[in-house]
Amino acid sequence: MSEQNLQQKLDAAGDIVDLLRNQQVGPNPYPGVPAEYSNWRNEQRAWAKSAVLFNQSYHMVELYVRGPDAFKLLEYLAINSFKNFAVNKAKQFVPVTPDGYVIGDVILFYLAENEFSLVGRVPAIEWVEFHAQYGDWDVEVERDERTAMRSDGKRKNYRFQLQGPNAMKILEKAMGQTPPDLKFFNMAHIDINGKDVIALRHGMAGQPGYELFGPWEDYKAVHSALVEAGKDDGLTLVGGRAYSSNTLESGWLPSPLPAFYTGDSQMMKDFRAWAGANSYAGMCSVGGSHVPDSVEGYYLTPWDIGYGHIVKFDHDFVGREALEKMATEKHKTKVTLALDPEDVTRVMSSMFAEGDRAKYFEFPSAVYAMHPFDKVMADGKQIGVSTWIGYSSNEGAMLSLAMIDPDYVEFGKEVTLVWGEPNGGTSKPTVEPHVQTEIKAIVSPVPYSSVARNAYADSWRQSGKGVS
């Protein structure tokens with residue numbers, strides 16, 4: 001990492017909120033695949049109507065953790081239980097700070113005895129790397145960096161996601177036999193085109209499917225076999241534009257800001273001294289109308305992002321004492337906001353008017369910073385924040401994932417989203433001069449897709465007033 005550490009960069013900046021809001025980076029790119037193979041509308045429709053092949057080989061970090069203490073280290077950093085966790089299983093891995101605020105989440109794969117891998121966004125990965133050095137753990141870590149941060153164009157593994165109503169039929173053709181009947185987040189070795197492939201029973205946007213991965217040298221053989229197997233069943237390749245929008249239907253919130261910036265514990269001080277100025281926390285951006293007095297106004301608890309149900313106090317872990325105190329407190333509730341079509345049209349039509357214009361809506365994903373935070377209002381006060389936002393062709397709606405006061409979680413209730421940044425916007429290159437505007441929105445379930453609500457494991461479902 002850089003010679004300057006994260007703490008020194010924060011000290012030099014002074015106002016952390018201002019620093020993050022004016023970082024010179026937009027949303028995460030999706031390298032390695034074209035923006036569109038056909039068009040993003042058809043690509044979105046395919047995961048609901050036929051089948052899609054997401055290529056996840058390029059944009060996520062993978063960290064291997066090996067050694068006699070690997071299990072104990074990961075359990076010590078996770079809010080969720082490791083009871084009955086065994087080889088050939090996977091789980092959501094969610095770490096928090098000693099103060100109980102979310103760092104991020106990744107998928108944890110139990111590959112073999114004393115061998116694990118974590119795949120996903122960088123913050124949780126860096127937290128594990130730090131602890132592997134910080135504590136007295138008998139472990140080794142190996143980081144396989146995402147393509148955007150390397151020059152050789154190669155990864156340790158390819159990673160594909162096959163999903164949709166026809167996914168099982170296509171996988172059967174590719175294998176030449178019936179796929180294994182796995183439970184959610186269980187893994188098995190399968191054969192595709194003579195290659196050993198690890199298959200994880202998983203799904204995105206609520207449709208059935210598998211995550212498939214194996215050695216990079218097998219990439220072409222496995223990919224071509226899947227494409228050939230799906231040619232008569234509507235298999236569609238998905239580009240970066242559509243990929244970034246699938247979370248709107250599934251309800252997974254990809255953008256909690258890692259709560260690294262404050263905290264007086266020695267652990268947090270040591271982390272900020274260990275992390276470089278160019279680490280994820282040092283470089284990421286925040287955007288939107290929500291501008292808190294301090295950076296803690298962006299921090300989230302597990303309950304805020306819908307992970308309260310996985311907090312288990314059956315093991316000792318970083319942040320346990322703080323979460324035990326939080327458990328009885330009032331928390332925000334994750335919901336979907338369905339934006340009013342007429343208001344969205346009004347915002348878009350301002351592009352064709354002289355004078356003041358609203359913040360531009362990009363399609364399908366309208367996110368313009370790595371961590372979007374917009375104000376959600378009702379009864380003249382702020383009741384929460386909107387995060388990931390974009391358009392779903394399947395639902396014919398502009399949707400946002402939001403966290404709001406539970407007193408306002410009445411499905412069908414109208415609230416207001418404040419769209420755009422104050423004072424004409426920030427200096428981020430993704431932000432043009434604009435004026436803020438209010439958009440009506442309807443509080444709706446998460447996942448928004450009825451297929452996702454009915455098909456996902458119980459942990460993903462949500463019920464509330466107005467929905468059975």
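**Exercise 1. Determine where V318 is placed, whether V318 is buried or exposed, and which residues V318 touches.**

Solution. V318 sits in the loop between β12 (286-287) and α12 (320-326); helices (H or I, at least four residues) and strands (E, at least two) are DSSP runs, numbered from the N terminus. The model is a predicted one, in which local features need pLDDT of at least 70, side-chain atom pairs count only at pLDDT 80 or more, and totals for chains, interfaces and linings use all residues. Residues are numbered from 1 along each chain as its sequence is written, and side-chain values use heavy atoms, with hydrogens and water left out.

The next step is accessibility. V318 counts as buried because its relative accessibility is 5%; buried means under 20% relative accessible area, exposed over 50%, and partly exposed in between (1.4 Å probe, protein chains only).

Finally, consider the surroundings. Not counting residues up to four places away in sequence, V318 touches Y76, L77, V96, T97, P98, W127, H131 and M267, where contact means heavy atoms within 4.5 Å. V96 is 222 residues from V318 in sequence, yet their C-alpha atoms are 6.8 Å apart in space.

**Exercise 2. Identify the residues with the most contacts inside the largest nonpolar core, and the helix that gives the most to this core.**

Solution. A nonpolar core is a set of buried Ala, Val, Leu, Ile, Met, Phe, Trp, Tyr and Cys residues joined through side-chain atoms within 4.5 Å. The largest has 65 residues, and F93, L118, W127 and Y261 have the most contacts inside it. Helix α5 (residues 122-134) gives the most to this core, with seven residues. Apart from this core lies another, of 43 residues, including W47, V409, V415 and I439.

W127 can then be examined singly. Leaving aside neighbours within four places in sequence, W127 is in contact with L77, P95, V96, P98, I103, F260, M267, M268, F271 and V318.

**Exercise 3. Describe how α5 and helix α10 (residues 266-274) pack.**

Solution. Two packed helices are described by the angle between their axes and the distance between the axes. For α5 and α10 the angle is about 105° and the axes are 11 Å apart. Axes are lines fitted to C-alpha atoms, for helices over the stretch in contact, and angles run from 0 to 180 degrees between N-to-C directions. The angle therefore makes α5 roughly perpendicular to α10, a class that spans 65 to 115 degrees (under 35 is roughly parallel, over 145 roughly antiparallel, the rest oblique). Among the residues making the contact are W127 and F130 of α5 and M267 and F271 of α10.

**Exercise 4. Establish which residues of helix α13 (residues 341-349) are buried, and what they pack against.**

Solution. D343, V344 and V347 are buried. They lie on the same side of α13 because they cover an arc of only 100° around the axis, the arc being that of the directions from the helix axis to the C-beta atoms. These buried residues pack against β13 (333-339), β17 (397-404), β18 (414-419) and β19 (437-444). The face turned away from the buried side carries the exposed residues P341 and E342.

**Exercise 5. Locate F185 and N423, and state whether each is buried or exposed.**

Solution. F185 has a positive phi, near 65°, and is found in the loop between α6 (167-175) and β8 (187-192). With a relative accessible area of 11%, F185 is buried. N423 also has a positive phi, of about 60°, although N423 is not a glycine. N423 lies in the loop between β18 and β19 and is exposed, at 82% relative accessible area.
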